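Hi everyone, thanks for making time for this. Let me put the model up on the screen, and then we can walk through a few places together.

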Amino acid sequence: MAQIISNADISELRTSADILDIIGKHITLKTAGIGRYKGLCPFHDEKTPSFTVSPQTSTWHCFGCGAHGDIYAFFMKLNGLSFPESVQYVASLAHFELHFTQTKGGESSLPTGGRQKLLDANKVASDFFINCLSSPNGEKAREILKARKFNDDDIKNYCIGYAPDSWSSLTKHLQDRGFTNNEIENAGLAISGTKGLYDRFRHRIMWPIFDLSNQVIAFGGRAIESEKAEAGAKYLNTNETKIYKKSQILYGLNWAKKSIAKHKQVIIVEGYTDVMAMHIAGYYNTVGTCGTAFANSHAK
């Protein structure tokens, strides 16, 4: 038996969610007359704003490419979500509690390990890594960060953590919190082996990667060199998942977007610490690629 979202909740959320605030977190909107706001369309290239949002009708429309719809349609088009996934995503942004009913299937069925579950798993993992960094086992990781001139406030502000030198400590922690093996693996946090799941990240300094709504969608990990360190890449990112497409994500954009809009300029760097250092130096319009080359999709 699958679950579907209550139709009453879908209707209520569609009209009660603050469409101006939510869409405004993804594109810069300015007043364009009474009851209308305008910005650059995220769905086609343009220099003159033609994308409008109407809070009164809870709808948006682009006069340039013709795209239009409600708050759900916006995220279906922007992030490639299915309708149920978009409803769940909007609900998470609006802090709206959804109710579900049982069904034998159908187009509105919510898949096992749906988007919200993956987001929840990544948030729990981020908190786990943060706690591990402050533990005695995180001493070496703290030393490396301090050697790079990052202080306690910097570490806290960027939610940096530590993945223990253990095969399954995070996996067991997530299982204890009620996540299934499929959800843990689909979130990119574990790998399935001959003896079951094991942690993807081990003995690494961990940087959470956020989407524009400040939700953790992935991680970047830097190996800590020691006689116990396993052979492998110095830097390791989350594999591509349903919520993380590295060719479409820029690290730090969630913090940099306001500065980028203000200065109409963006600085692109390569690594997580590079972004941190630039922000700390006052260049808040800096973002970084996530272990991949800068692509057209990044520029868009």
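Let's start at Ile268, which is partly exposed, with a relative accessible area of 34%. This is a predicted model, so please hear everything I say with that in mind. Partly exposed here covers the range between under 20%, which is buried, and over 50%, which is exposed, so 34% falls in the middle class. If you want to find Ile268 on the screen, look for strand E15, which covers residues 267-269.

Which residues join Ile268 in a nonpolar patch on the surface? They are Val266 and Phe294, and the three together have about 240 Å² of accessible area.

Staying in that part of the sequence, have a look at Lys264. Lys264 sits in the loop between helix H10, residues 253-263, and E15. Its phi is positive, about 55 degrees, although Lys264 is not a glycine. That is worth a glance because most residues other than glycine have a negative phi. As for its surroundings, Lys264 is exposed, at a relative accessible area of 70%.

There is another lysine to put beside that. Lys149 also is not a glycine, and has a positive phi of about 70 degrees. You will find Lys149 in the loop that runs between helix H6 (139-147) and helix H7 (152-157). Is Lys149 buried or exposed? Lys149 is exposed, with a relative accessible area of 74%.

While we are around that loop, there is a salt bridge to show you. Lys146 pairs with Asp152, and their closest N and O atoms are 3.2 Å apart. Going by the ranges above, Lys146 is in helix H6 and Asp152 is in helix H7. Lys146 is partly exposed, at 40% relative accessible area, while Asp152 is exposed, at 54%.

How many salt bridges does the count come to? The count comes to 5, and I'd like to show you two others from the set.

One of them joins Asp70 to Arg14, with the closest N and O atoms 2.7 Å apart. Asp70 is in strand E6 and Arg14 is in helix H1, residues 7-16, so this pair ties together parts that are 56 residues apart in sequence. Strand E6 itself covers residues 68-70. What I like here is the setting of the two partners. Asp70 counts as buried, with a relative accessible area of 17%, because the cut-off for buried is under 20%. Arg14, on the other hand, is partly exposed, at 27%. The pair also shows up as a polar contact between the two side chains, at 2.7 Å.

What else is Asp70 in contact with, leaving aside its neighbours within four places in sequence? Besides Arg14, the contacts are Ser58, Thr59 and Trp60.

The other salt bridge I picked is between Asp21 and Lys25, where the closest N and O atoms are 2.6 Å apart. Both partners are partly exposed here: Asp21 has a relative accessibility of 39%, and Lys25 has a relative accessible area of 33%.

One more local stop, and this one is about distance. Asp165 lies in the loop between strand E8 (161-163) and helix H8 (169-176). Asp165 is partly exposed, with a relative accessible area of 35%. Now find Arg204: Asp165 and Arg204 are 39 residues apart in sequence, and their C-alpha atoms are 7.9 Å apart in space.

Let me zoom out before we finish. The protein has 12 helices and 16 strands. Its C-alpha atoms fill a box of roughly 65 × 50 × 30 Å along the principal axes. For 300 residues, a compact globule would have a radius of gyration near 19 Å, and the protein has 21 Å, which agrees.

Looking at the contacts with a separation of 6 or more, 58% are between residues 24 or more positions apart. Buried residues make up 46% of the 300 residues. The accessible surface comes to about 15,700 Å², and 50% of that belongs to carbon and sulfur atoms.

That's my tour. I'm happy to turn the model around again if anyone would like another look at one of these spots.

Methods:
Residues numbered from 1 in each chain as written. Predicted model: local features only at pLDDT ≥ 70, side-chain atom pairs only at ≥ 80, totals over all residues. Heavy atoms only, no water. Patch = residues over 30% accessible without salt bridge, like charges linked within 9 Å, V, L, I, M, F, W, Y side chains within 5 Å. Areas by Shrake-Rupley, 256 points an atom, 1.4 Å probe, with all protein chains shown as cover. Salt bridge = Lys/Arg side-chain N within 4 Å of Asp/Glu carboxyl O. Helix = DSSP H or I, 4+ residues; strand = E, 2+ residues; numbered from the N terminus. Buried < 20%, exposed > 50% of the residue type's maximum accessible area, 1.4 Å probe, protein only. Rg over C-alpha atoms; globule rule 2.2 N^0.38 Å. Contact = heavy atoms within 4.5 Å. Polar contact = N/O pair within 3.5 Å; in protein donor to acceptor, adjacent residues only side chain to side chain.
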